[in-house]
Amino acid sequence: MSLLERIEKENDIKNLRTSEMPALAEEIRRFIINNVSKTGGHLASNLGAVELTMALHLCMNLPEDKIIFDVGHQSYTHKILTGRKDDFYRLRQYGGISGFPKTCESESDSFNTGHSSTSISAAMGLAEARDLRGSNEKICAVIGDGSMTGGMVFEALDQLASLKSNLLIVLNDNEMSISQNVGGLSSSLSKFRVGKSYNELKSNVENALLDIPSVGHKVAKGIKKSKDSIKNLFVPGTIFGDMGITYVGPIDGHDIEQMTEIFEDAFKLGRPVIVHVKTVKGKGYKIAERYPEHFHGVGPFDPETGKALRVKSVQTYTDVFAKKLLSLGAKNKNIVAITAAMSRGTGVRPFQKAYPDRAYDVGIAEQHALTFAAGLAKGGFIPIVAIYSSFLQRGYDQLLHDVALQKLHVIIMIDRSGIVGEDGETHMGIYDTSYLRSIPGLTILAPKGAKELEDAMDYAVSCDGPVCIKYPKGAAYTGLDDKQFQFIEGKSEVINFSSQIGEERCESLAIFAVGSMVQTATEVRDKMKEEYGYEPELINVRFINPIDSDRIRETIQNFENVAVIEESVRRGSVGEAIAYEMAVSGDQTTRFHHYCIKSETLQHGSVKKLREEQGLDADSIYKDIIEKIKK
């Protein structure tokens, strides 16, 4: 029996001998590589956190004790050690386990994560709740060096020093060079600083000095200042020390025995402690160690070669954006690009390489990115901010307060709009229409395909105020590239007029389609034409804001049935806007059919499967429309 087979539930790892831990770590790595090679997932970050997670499980008792993984990219080992290894063949698949911590999946997942820089705040809340209850469970936040760039982390750290009870924060440093010294001196100092003898001695000496009349306080203060100055010569992390937080490290993040010892000592201190561990992203898989960014998130691949099994053969919307950004940058020196730690994912990387002085990666700081862009726009430049839909949510206030209310010329390219897929509910871009439509003066575009995305970017550059352009993940649609109409503010595009407009309205149909759903709507149209000889009118909404009220009113006068197809939640959707226009016009005869995201949240699964589940595939829409029209 392998060591991994002996891990059936949480805390089973404690039944193994210390000498068996390196072998177990190797088995876990092989297990992760083999499974992720089939399902896809976050690979390099998980391989780097194997020993770190094992050490935490050895000194904590789950599920009573709580581990909060920031983002959750590194939680696979935790899932394996808490009885979920047999479900890994369905990792990130519809109906299978999530790639992120999920409280509904296991009691050992103490907090749902998916976005960056939240773990310390959540852990502090759990620690405070523990203290208010009078219980004594251990609480730990695991946060990566990348997540430390998020402003929310520093908001939490600012309050952390006031927390007077036990909380462990593990800083998993696999890239940012906080310190290069992982050697014996730092390790010795780390053990010394969390050791019981040292802390008791320090406390006793300070108390004794303070009892000396007149001079005791000054001597104690002088010794402490001298001690801190000497310590700062050898020990990094003074930023934490200056904030009143005990810092330990850096230590070797692949030495299970050392980490376990330090974690156990840190938990005994009764105050917040940050333990800085140095890990290697992609550890144990040479290809991932060499190309950690590429293997951060991957699709199915050959574990022997690392080569993707699904070779990209078509251009994506991100590719279209990347090429157009380069073209615009070459023509206009006032164009600058901004990304929030996603230069590769958003397609900003080629522009960054070509024009390094006009490209800015601000780290995981979406709020800062938008206000920084506002400042650039105020200074006469045209900032293009590329950001994922689910991450733009974090900058809502800045978009409203700093960009829109000042009517600044900032262009926000919203990648991953709509159903995203295997990353699940925290990464879905199904809310952007709803949260953006309420912002005053904000132009929102949803191009139907590749060519229209390019044209939308040209239009956005020519505008004066703020513009958002939203587009989905995946292959760019080119089916209607030959049908391109000039962009006119607030005007939709009629792709084809109905074949039966006249006095007879019975069973007539017009379809309003939004962005990526234009492709689906054309499939619905073609099915109707083929089976019924009737071609419904197809309208590309194009402008989500301002919406084309004139077109809507004209359409409801001519058609018995109006359908709206969009990949957004219902509340605040384009469908609601069109229904409102119908209501205020006094129309009481047109039948309204709305195809959108029916659920308030979407679990993980392929885009195809999730669209079918929501009734947003062409077959489902076609069958439903025909049935309703017949009724």
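Which residues of H13 are buried? In this predicted model, the buried positions of H13 are Tyr317, Thr318, Val320, Phe321, Ala322, Lys324, Leu325, Leu328 and Gly329. The helix comprises residues 317-331, and its end C-alpha atoms are 21 Å apart; this agrees with the expected span, because 15 residues at 1.5 Å a residue should also cover 21 Å. The cover over the buried residues of H13 includes strands E8 (335-339), E10 (382-388) and E11 (411-415), together with helices H14 (343-346), H15 (349-354) and H20 (450-462).

Two residues of H13, Phe321 and Leu325, are listed with Met413 and Ile469 as having the most contacts inside the largest nonpolar core, a set of 63 residues. The greatest contribution to this core comes from H20, which supplies seven residues. Beyond its close sequence neighbours (up to four places away), phenylalanine 321 touches Thr346, Gly347, Val348, Ile384, Ala386, Met413, Leu453, Met457 and Tyr471. Another core, of 54 residues, lies apart from the one around phenylalanine 321; among its members are Ile33, Ile97, Cys140 and Val142. In soluble globular proteins, nonpolar side chains tend to be buried together.

A charged residue was also examined. Glutamate 137 is located in the loop that joins helix H5 (119-133) to strand E3 (139-144). Its relative accessibility is 11%, so glutamate 137 counts as buried, the limit being under 20%. The side chain of glutamate 137 forms a polar contact of 2.8 Å with the side chain of serine 135. When residues up to four places away in sequence are excluded, glutamate 137 touches Glu64, Asp65 and Arg130.

Conventions: Residues are numbered from 1 along each chain as its sequence is written. This is a predicted model: local features need pLDDT of at least 70, side-chain atom pairs count only at pLDDT 80 or more; totals for chains, interfaces and linings use all residues. Side-chain values use heavy atoms; hydrogens and water are left out. Helices (H or I, at least four residues) and strands (E, at least two) are DSSP runs, numbered from the N terminus. Buried means under 20% relative accessible area, exposed over 50%, partly exposed in between (1.4 Å probe, protein chains only). A polar contact is a pair of N or O atoms within 3.5 Å; within protein, one must be able to donate a hydrogen and the other to accept it, and residues adjacent in sequence count only if both atoms are side-chain atoms. Contact means heavy atoms within 4.5 Å. The expected span of a helix is 1.5 Å times one less than its number of residues. A nonpolar core is a set of buried Ala, Val, Leu, Ile, Met, Phe, Trp, Tyr and Cys residues joined through side-chain atoms within 4.5 Å.
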